[in-house]
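Hi,

Here is the structure I promised to send over. Have a look at it first, and then read on for what turned up.

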Amino acid sequence: MLEFRTQGFQGYAVKYSPFFDNRLAVAASANYGLVGNGRLYVLELTANGIQCLKWYPTQDALYDVAHSEVHSNHLLTSSGDGSLRLYDVSLAPEFPIATFQEHSREAFSCSWNLTSKATFASSSWDGNVKIWNPERQQSLLTLPTHSCTYSTQWNPHTDGLLSAVCSDSHLRVWDLRTPASANNHLILQIPIHSAPNTINNARLQPTFPPSEALTHDWNKYRSEVLATAGVDRIIRTFDIRQPKGPVQLLQGHTYAVRKVAWSPHLPDLLLSASYDMTCRVWSDGGGAPGKPAAELGNMGRHTEFATGVDWCMFGNEGWAATCGWDERVCVWDVRAFMSG
Amino acid sequence: MTQAPDKARERLSQVSGHLASDNQPALPSSGLGKDAILKKSPDDVVVTCAIRTPFTKGGKGPLKDTMGADLLLYTFKNLLSRSKIDPSLVEDIATGCVLAPGGGATEFRAAALAAGFPDSTAVKSLNRQCSSGLQACVDIANAIKSGMIEIGIGSGVESMSTQYGPGAVTEFSELLENHMQAANCKVPMGVLSEQMAKDKKVTRKDQDAFAANSFQKAIKAQEQGLFDEEIMPVTVKYTDPKTEEEKTVTVTKDDGVRTGITAESLSKIRAAFAKDGTIHAGNASQVSDGAAAVLLMKRSTAERLGQPILGKYVNASVVGVPPLLMGIGPWKAIPVALEKAGISKDDVDIFEINEAFASQCVWCIKELGLDESKVNPKGGAIAFGHPLGCTGARQVSTLLTELRRTGQKVGVSSMCVGTGMGMAAVWVAE
């Protein structure tokens, strides 16, 4: 396992570059992101371990980072003051090349469009998801959720499909190809806490109260499947063709789950990072009916909240990076922690 | 940036909000699984008193001249005296009974009034054959759960001495006689069980061994006084058949229980239902008289009234099976009850499976793969009797007292039901 200390700054998000097979970006904040500055780290995996290529200081805490899909040196951050900033790593100065300031409260996530690659989305505590084009200072579109929106993601298969999860325990899916109308492109609004979709409805179903959803991610192989997770410690997989309720419930974390990420190599593998200081690997059963979901492994290296998770697309499949409030960025082989 | 301290405070409370756990497991209200059923919740339906009369032989024992309603009356009085509950707090009484004409509804209502319940206590009778006593307890539990009542009594009574006979079942119409399955409902239990034993190849040897074991367990339990807690004596009038004089006797023990029964001694008894049959009086449930009652209420109510909590009712199941194979009832009903509770048979400490016939009981235990040492540890109906409508309510007292005595927790009561059904219920002792 490789490690890097983001000394003095607690990690919030880690992302592998889509262009360089040895580059990582980490969004970190001082004082656990509650008050003070932030720092964007650009790290490189070298023969001598993880080295810091560059770092950028920021005025407020950083909560998420995304790599540009079109420009190999551009990085996007979302910050506690509601702004999104674009950095060019190849340039010398420590300043962003563009600032996108419209959110009135903390911007918790940013996500680059993976299909058309021309836009990116941000979500914020102010109850909005905004869509931007890096060449324009003003947002292209604002999608209201009226609830603290912790995470927004583009569907990697269908261009124009965008989702977000909020603290009102709902998953929202927008299709930007539909006309705006009164719904603002909203096509699905799923209560995450619904009872699971099961074939055997005669059985007593567990019931769940609504709870804040902190993270979600689209499956990279099954275009209609996504996973959400949050404060009630349960990771749920949804099939948007059957939005009545979750398909699988993955339980095991003992505290809130902060981040989930589907594997870019296998259609049923999922990594999660939680406040219980563990990162866990799961299989959701692959969608075959009757195939059970299972926890496959548990990485307990972090000694504080684990907050960020990302899989490496290159090289040996199965490597991932995680970060946490213990100021550690860990790069590790997930297969070494999987049993069965 | 303005208002920085407020922002910090808001962010802090947001993160704390992610951690605020209410000490609940990941599945907040699933209520399934052994841990979940052992948990105590104020809305649990709990048993605060469960008693029965002694069981005596139908037509011969000291209760033979006592009307069923009187047995019930004594049982109600005993329940009130032991539980010390204010009778006016009991809102409904359900009494299972199979043979009484009209179900017994009128005389049971009268019995409740005579026992000291005010007229504000409602009474009903019900008949699901051998499971009536259990069904009565389940009905009361369900009424409490749904909020229809707060406190109720599930009970059962049968005076087979005074009411066993053809008067218990109405003549079938041609419509019913001409439908095969419907007509099968009239086939006597002994006859169809004999056929079932033949078809399922349950040998006479196995049946006699099981029956002897039941007698042996029961006599041992009786000698050790293990029935003393659940049995409350009754004082009744009894006409001695030999001298024709009427005496008043106090009955304290089950009189069906006998010493010296072995598989060998049973093997000498002649088969009752077929020349080459396997079932006889010694390996089938005895015809008996008796009554039992169970006081049920919510845990929060019990705590408020200061009632001791003996255990809780978890859930129940009822299943239908072919009338001619009614003996398989427990085999079908028990897994359903276990699944609804989210537990497995290994989580269960004691099974109370009514011994209607050794043949069906042996078969069910084998098919379910149950540990025999967990089944009917104090013996069963073969040893001390099966007053039809009473048994289900009797099992609750037998089960809970034995679970509590041995410090165990999870129990299942079950029985097969004539005309082709099975019932099972999950209980937890406390």
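Which residues does Ser159(B) touch, not counting those up to four places away in sequence? Before the answer, one caveat: this is a predicted model.

The contacts of Ser159(B) are Thr66(B), Met67(B), Gly68(B), Tyr164(B) and Asp289(B). As for where it sits, Ser159(B) belongs to strand 5 of chain B, which covers residues 151–159. Ser159(B) is classed as buried because its relative accessibility is 0%, and the cut-off for that label is under 20%. Its side chain also has a polar contact of 2.7 Å with the side chain of Thr162(B).

One of those contacts leads on to the pockets. Tyr164(B) is among the residues nearest the centre of the largest pocket, along with Met160(B), Met189(B), Val287(B) and Leu388(B). In total, 48 residues line that pocket, and the space in it comes to about 1300 Å³. Helix 9 (189–199) and helix 11 (263–267) of chain B each put at least two residues into the lining.

Closed space is there too: the structure has six cavities of 30 Å³ or more. The largest cavity has a volume of about 140 Å³, and this one takes you to chain A. Its lining has 13 residues, with Phe108(A), Tyr150(A), Leu214(A), Arg258(A) and Lys259(A) nearest the centre. Several strands of chain A supply at least two lining residues each, including strand 2 (10–16), strand 6 (62–67) and strand 10 (107–112).

Now for the packing. Nonpolar side chains tend to be buried together in soluble globular proteins. Here, the largest nonpolar core has 81 residues, and the ones touching the most other members are Val47(B), Val426(B) and Trp427(B). Beyond its neighbours within four places in sequence, Val47(B) is in contact with a list of residues that includes Val294(B), Leu296(B), Ile309(B), Val396(B), Leu400(B) and Trp427(B). There is also a second, separate core of 35 residues, with Leu79(B), Ile93(B), Ala100(B) and Ile309(B) among them.

Some overall numbers for chain B, in case you want them to hand:

- It has 16 helices and 12 strands.
- Of its 430 residues, 55% count as buried.
- Taking contacts between residues at least 6 apart in sequence, 80% join residues at least 24 apart.
- The exposed area of chain B is about 17700 Å², with 53% of it from carbon and sulfur atoms.

Cheers

How values were computed: Residues are numbered from 1 along each chain as its sequence is written. Chains are lettered from A and ligands numbered from 1 in the order in which they are written. This is a predicted model: local features need pLDDT of at least 70, side-chain atom pairs count only at pLDDT 80 or more; totals for chains, interfaces and linings use all residues. Side-chain values use heavy atoms; hydrogens and water are left out. Helices (H or I, at least four residues) and strands (E, at least two) are DSSP runs, numbered from the N terminus. Buried means under 20% relative accessible area, exposed over 50%, partly exposed in between (1.4 Å probe, protein chains only). A polar contact is a pair of N or O atoms within 3.5 Å; within protein, one must be able to donate a hydrogen and the other to accept it, and residues adjacent in sequence count only if both atoms are side-chain atoms. Contact means heavy atoms within 4.5 Å. A nonpolar core is a set of buried Ala, Val, Leu, Ile, Met, Phe, Trp, Tyr and Cys residues joined through side-chain atoms within 4.5 Å. Accessible areas come from the Shrake-Rupley method with a 1.4 Å probe; for residues, only the protein chains shown count as cover. On a 1 Å grid over the protein atoms alone, a cavity is a set of points where a 1.4 Å probe fits but cannot get out, and a pocket is an open set with protein on both sides within 12 Å along at least five of seven lines; lining residues have an atom within 4 Å of a point. Grid points are joined across faces, edges and corners, and a volume is the space filled by probe spheres set on the points.
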